[in-house]
Amino acid sequence: REVTFKGDIGLSLLPAPALSVADVSLASLPGAQEARMLRLKRLEVRVALAPLLSGQIKVETVRLVEPVLVLETLADGRRNWNFAAAPSPSAAAPAPPPPAAAPAAPLAINFDNIVVENGTVVVRDARAKSEERFEAVSARIAASSLEGPFEAAGALKTRGVVFNITAVLGRLADDRAVPLNLNLTAAGAKLQSSGTISGLAQTPRYRGKVKIEGENLA
């Protein structure tokens with residue numbers, strides 16, 4: 001996928017490594033209704049200096065300013081969030097694989113604070129001819145690693161209703177269920193859910209308990 005930087009890029013090393021970029025976009029799949037899967041007005045990243053000396057990347061802050069994320073399922077079933085490489089059309093015999101190398105140790109990265117400011121998420125399905133928009137998305141997310149666990153709190157607006165959300169998601173793994181606890185409030189109603197998500201690599205499924213209460217069922 002093509003990544004485009006149209007704005008200024010700033011970099012500083014002291015007192016802590018920091019990077020800022022403006023007007024960033026990530027291309028979607030060919031044939032998608034929206035050419036850009038992700039647009040960012042501004043991205044800011046700040047990394048703690050001391051942990052780098054021991055080979056650990058501790059991201060103090062990631063700030064996404066006015067991100068627009070478009071998740072599309074195309075008419076042929078392709079999903080623009082699937083980054084698997086397409087098979088090569090070449091008929092030439094493939095080269096023999098190189099000798100297997102010892103597996104590298106996973107990179108130690110944790111995120112103290114991921115901030116989303118005034119974001120928008122669009123979920124579009126060309127097959128079902130449906131589209132949902134989530135606007136005014138704000139969130140703070142923390143993660144112990146790239147695979148989690150994750151803690152998040154935030155708010156969004158959809159269909160004219162403002163939702164406040166807190167969630168805790170366990171460590172991601174393709175071969176086992178991942179714990180999920182979710183609390184959601186909107187218009188005087190409250191939803192509490194606790195359970196697990198499985199099949200993340202194929203068709204995700206949720207199993208758990210859901211409790212909803214409020215003065216009006218609507």
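# Strands, a core and salt bridges

Reader: Where is the place of E72, in which strand?
Author: The model shown here is a predicted one. The strand that holds E72 covers residues 68-73. That strand is β6.

Reader: Is E72 buried or exposed?
Author: Its relative accessible area is 4%. A residue under 20% counts as buried. Therefore E72 is buried.

Reader: Which residue's backbone nitrogen does the side chain of E72 reach?
Author: E72 touches A32, Q33 and E34, among other residues beyond four places away in sequence. The side chain of E72 reaches a backbone nitrogen at 2.8 Å. That nitrogen belongs to E34.

Reader: At what distance does a polar contact join the side chains of E72 and R124?
Author: R124 is one of the residues that E72 touches, along with R78, R79, N80 and W81. The side chains of E72 and R124 are joined by a polar contact. Its length is 3.4 Å.

Reader: Stepping back, how many strands does the protein chain have?
Author: The chain has 0 helices. From the N terminus on, its elements run β-β-β-β-β-β-β-β-β-β-β-β-β. The strand count is 13.

Reader: What percentage of the residues count as buried?
Author: The protein chain has 218 residues. It exposes about 14700 Å², with carbon and sulfur atoms supplying 58% of that area. The buried share of the residues is 26%.

Reader: Among contacts between residues at least 6 apart in sequence, what percentage join residues at least 24 apart?
Author: The pool is contacts in the protein chain between residues at least 6 apart in sequence. Within that pool, the share joining residues at least 24 apart is 40%.

Reader: Which strand gives the most to the largest nonpolar core?
Author: That core has 10 residues in all: V21, V24, L40, L43, V59, V62, I109, F111, I114 and A143. Strands β3, β4 (36-47), β5 (57-65) and β7 (109-125) each supply at least two of them. With 3 residues, the top contributor is β7.

Reader: Which residues does V59 touch, leaving aside those up to four places away in sequence?
Author: V59 is itself a member of the largest nonpolar core. Two of its partners, I109 and F111, also belong to that core. The full list is V45, R46, V47, I109, N110, F111, D112 and N113.

Reader: What is the area of the nonpolar surface patch?
Author: The patch is made by V3, F5, I9, L11, L13, L14, L19, L49 and L52. Strands β1 (3-5) and β2 (9-12) each supply at least two of its residues. Its area is about 900 Å².

Reader: What is the relative accessible area of L19?
Author: L19 helps make the nonpolar patch. Its place is in strand β3, residues 18-27. L19 is partly exposed, and its relative accessible area is 36%.

Reader: How many residues apart in sequence are the parts that R63 and E44 tie together?
Author: R63 and E44 form a salt bridge, with the closest N and O atoms 3.6 Å apart. R63 lies in β5 and E44 in β4, so the pair ties together parts of the chain whose separation in sequence, in residues, is 19.

Reader: Which residues join into one network through salt bridges that share partners?
Author: The count of salt bridges comes to 14. E132 and R159 form one, with the closest N and O atoms 2.3 Å apart. E132 lies in strand β8 and R159 in the loop between β9 and β10, so this pair ties together parts that are 27 residues apart in sequence. The network joined through shared partners is R42, E44, R63 and E117.

Reader: Is R159 buried or exposed?
Author: Its salt-bridge partner E132 is partly exposed, with a relative accessible area of 27%. R159 has 71% relative accessibility. Over 50% counts as exposed. Therefore R159 is exposed.

Reader: With which residue does D125 form a salt bridge?
Author: The closest N and O atoms of this pair are 3.7 Å apart. The partner of D125 is partly exposed, at 48% relative accessibility. That partner is R127.

Reader: What distance separates the C-alpha atoms of F163 and V137?
Author: F163 has its place in strand β10. It touches G154, A155 and L156, among others. F163 and V137 are 26 residues apart along the chain, and their C-alpha atoms are separated by 9.6 Å.

Conventions. Residues are numbered from 1 along each chain as its sequence is written. This is a predicted model: local features need pLDDT of at least 70, side-chain atom pairs count only at pLDDT 80 or more; totals for chains, interfaces and linings use all residues. Side-chain values use heavy atoms; hydrogens and water are left out. Helices (H or I, at least four residues) and strands (E, at least two) are DSSP runs, numbered from the N terminus. Buried means under 20% relative accessible area, exposed over 50%, partly exposed in between (1.4 Å probe, protein chains only). Contact means heavy atoms within 4.5 Å. Accessible areas come from the Shrake-Rupley method with a 1.4 Å probe; for residues, only the protein chains shown count as cover. Patches are made of residues with over 30% relative accessible area and no salt bridge: like charges are joined within 9 Å, nonpolar side chains (Val, Leu, Ile, Met, Phe, Trp, Tyr) within 5 Å. A salt bridge is a side-chain nitrogen of Lys or Arg within 4 Å of a carboxyl oxygen of Asp or Glu. A nonpolar core is a set of buried Ala, Val, Leu, Ile, Met, Phe, Trp, Tyr and Cys residues joined through side-chain atoms within 4.5 Å. A polar contact is a pair of N or O atoms within 3.5 Å; within protein, one must be able to donate a hydrogen and the other to accept it, and residues adjacent in sequence count only if both atoms are side-chain atoms.
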